[in-house]
Amino acid sequence: MHKFEVTAVTPRGYCQGVVRAIRIARETAAAYPDTPVHMLGMIVHNAHVVAACRELGILCLEDPARTRLELLEDIPSGVVIFTAHGVSDAVYERAREKSLIVVDATCPDVRKTHDLVREHCTHGDVIYIGKHRHPEAEGVAGISPRVHLIATAEEIDALPELHDILITNQTTLSILDTAVLAERAVQRFPDAVMAPEICNATTIRQKAILALKDTDVLIVVGDPHSNNSNQLRELGKKAGIHTAYLVEDCSQLYPEMFADCRHVAVTSGSSTPTGLTNQVIEVIRSYAETGIWNPPAEVSAAVL
Ligand code: SF4
């Protein structure tokens, strides 16, 4: 029988910002039982969590082709919850104009970046390394026309002349990719000041992957829309792990993933429910020890 080692990477799973956003969503649903409650975007980028919110009576408005400001127009009245990713000032203002009850679940780490960028824009330009069409980047780019969102080296090269420059970034990016882009920005603008803003939760999850030894398969449990989950898989490949998979839950595992492997590591993005990750770990551990493939009939529903 083919046996292999399984490591549950720590830390993994929900970060403080996500735990807080989920608590706020639950409390809001309980506080407004007779009022429509809308979430502006996915509370976190995880379909299981969004479905659980729906069970609580919260309707998540999500359309990757539309901005938060555009989605807001679909809410006629009641409560709007802003997600952990944060929103631009224009969204706050429009929600006030529409007389909506605003509940803000913006992660304190994202708010810190907003404050930093807002202050700097009073006297200088900001180069913000982030993902186009990501809600967090949309929120920061909406602070001022002096914020220049860039996602590639080519976009840095194409920037106009800027003054009194601060270089900062989205909180959930890859520490490796961001360092490369930040270096390129400093080469182009040598007097720029750096303010790295990848959050602590993202940093320590990524460093735990880079520290893995003798691992040939990495399983990241996370939603395909989750930026930080995708980053963990990419980082695993860059760290030399032969095969790295992103799975939403144990229903996407199959035994061929572990053929001939010696050491499997399992982690999860900061938006992934703990119950889903634990099930994945149990399935793989059981297979590693017994050689019998025996996944549960149902995916864990304990996500909030
Ligand atoms: S990943 Fe970081 S920035 Fe995003 S919600 Fe979690 S702690 Fe906040």
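How many bridges join strand 6 to strand 8, and in which sense do the two strands run? In this predicted model, the count comes to 4 bridges, and strands 6 and 8 run parallel. Within that pairing, V126 sits opposite L166 of strand 8. The pair belongs to an open sheet of 4 strands, ordered 7-6-8-9 and paired in parallel. Strand 7 (147-150) and strand 9 (193-194) are the edge strands here, each pairing on one side only.

Moving outward from strand 6 (residues 126-129), strand 7 is also joined in the parallel sense, again over 4 bridges, and I127 has H148 of strand 7 as its bridge partner. Over at the other edge, strand 8 and strand 9 run parallel and share 2 bridges. L166 turns up once more in this pairing, where it stands opposite V193 in strand 9. So what about the two faces of strand 8: are they covered or not? Both are covered, with L166 and T168 buried on one side and I167 and N169 buried on the other. As a rule, side chains in a regular strand alternate between the two faces of the sheet. Helix 5 (residues 108-120) packs against this region, lying across strand 6, strand 7 and strand 8 (166-169) and running at about 160° to strand 8.

There is another open sheet to look at, made of 4 strands in the order 3-2-4-5, with parallel pairing. Strand 3 (58-61) and strand 5 (101-104) sit at its edges; each has a single partner strand, so one side of each has no neighbour in the sheet. From one strand to the next, the twist averages 25°. Strand 4 (residues 79-82) and strand 5 run parallel and are joined by 4 bridges, with V80 opposite V102 of strand 5. Helix 1 (residues 16-31) lies across strand 2 (37-40), strand 3, strand 4 and strand 5, and its direction is at about 175° to that of strand 4.

Helix 1 shows up again around the ligand, where it gives the most to the shell, with 3 residues. Helix 1, helix 5 and helix 9 (200-210) are the elements that give two or more residues to this shell. Of the 15 residues around the ligand, the ones that come nearest are C15, G17, C107, T171 and C199. By type, the shell splits into 7 nonpolar residues, 7 polar and 1 charged.

Stepping back to the whole protein, the secondary structure adds up to 11 helices and 12 strands. The C-alpha trace spans about 65 × 55 × 25 Å along its principal axes. The radius of gyration is 21 Å, which agrees with the value near 19 Å for a compact globule of 304 residues. Buried residues account for 45% of the 304. Among contacts between residues at least 6 apart in sequence, 72% join residues at least 24 apart.

One residue away from the sheets' pairings deserves a word: E256, in the loop between strand 11 (243-247) and strand 12 (263-268). Is E256 buried or exposed? E256 counts as exposed because there are just 7 C-beta neighbours inside 10 Å, and the cut-off for exposed is 12 or fewer. Its C-alpha atom is separated by 40 Å from that of E154, a residue 102 positions away along the chain.

Notes. Residues are numbered from 1 along each chain as its sequence is written. This is a predicted model: local features need pLDDT of at least 70, side-chain atom pairs count only at pLDDT 80 or more; totals for chains, interfaces and linings use all residues. Two strands pair if DSSP finds at least two bridges between them. Two residues are in contact if their C-beta atoms, placed from the backbone, lie within 7 Å. Axes are lines fitted to C-alpha atoms, for helices over the stretch in contact, and angles run from 0 to 180 degrees between N-to-C directions. The radius of gyration is taken over C-alpha atoms; the globule rule is 2.2 Å times the number of residues to the power 0.38. A residue is buried if 20 or more other C-beta atoms lie within 10 Å of its own, exposed if 12 or fewer, and partly exposed in between; C-beta atoms are placed from the backbone. A residue is near a molecule or strand if its C-beta atom, placed from the backbone, lies within 6 Å of it. Ala, Val, Leu, Ile, Met, Phe, Trp, Tyr, Cys and Pro count as nonpolar, Asp, Glu, Lys and Arg as charged, and the others, Gly among them, as polar.
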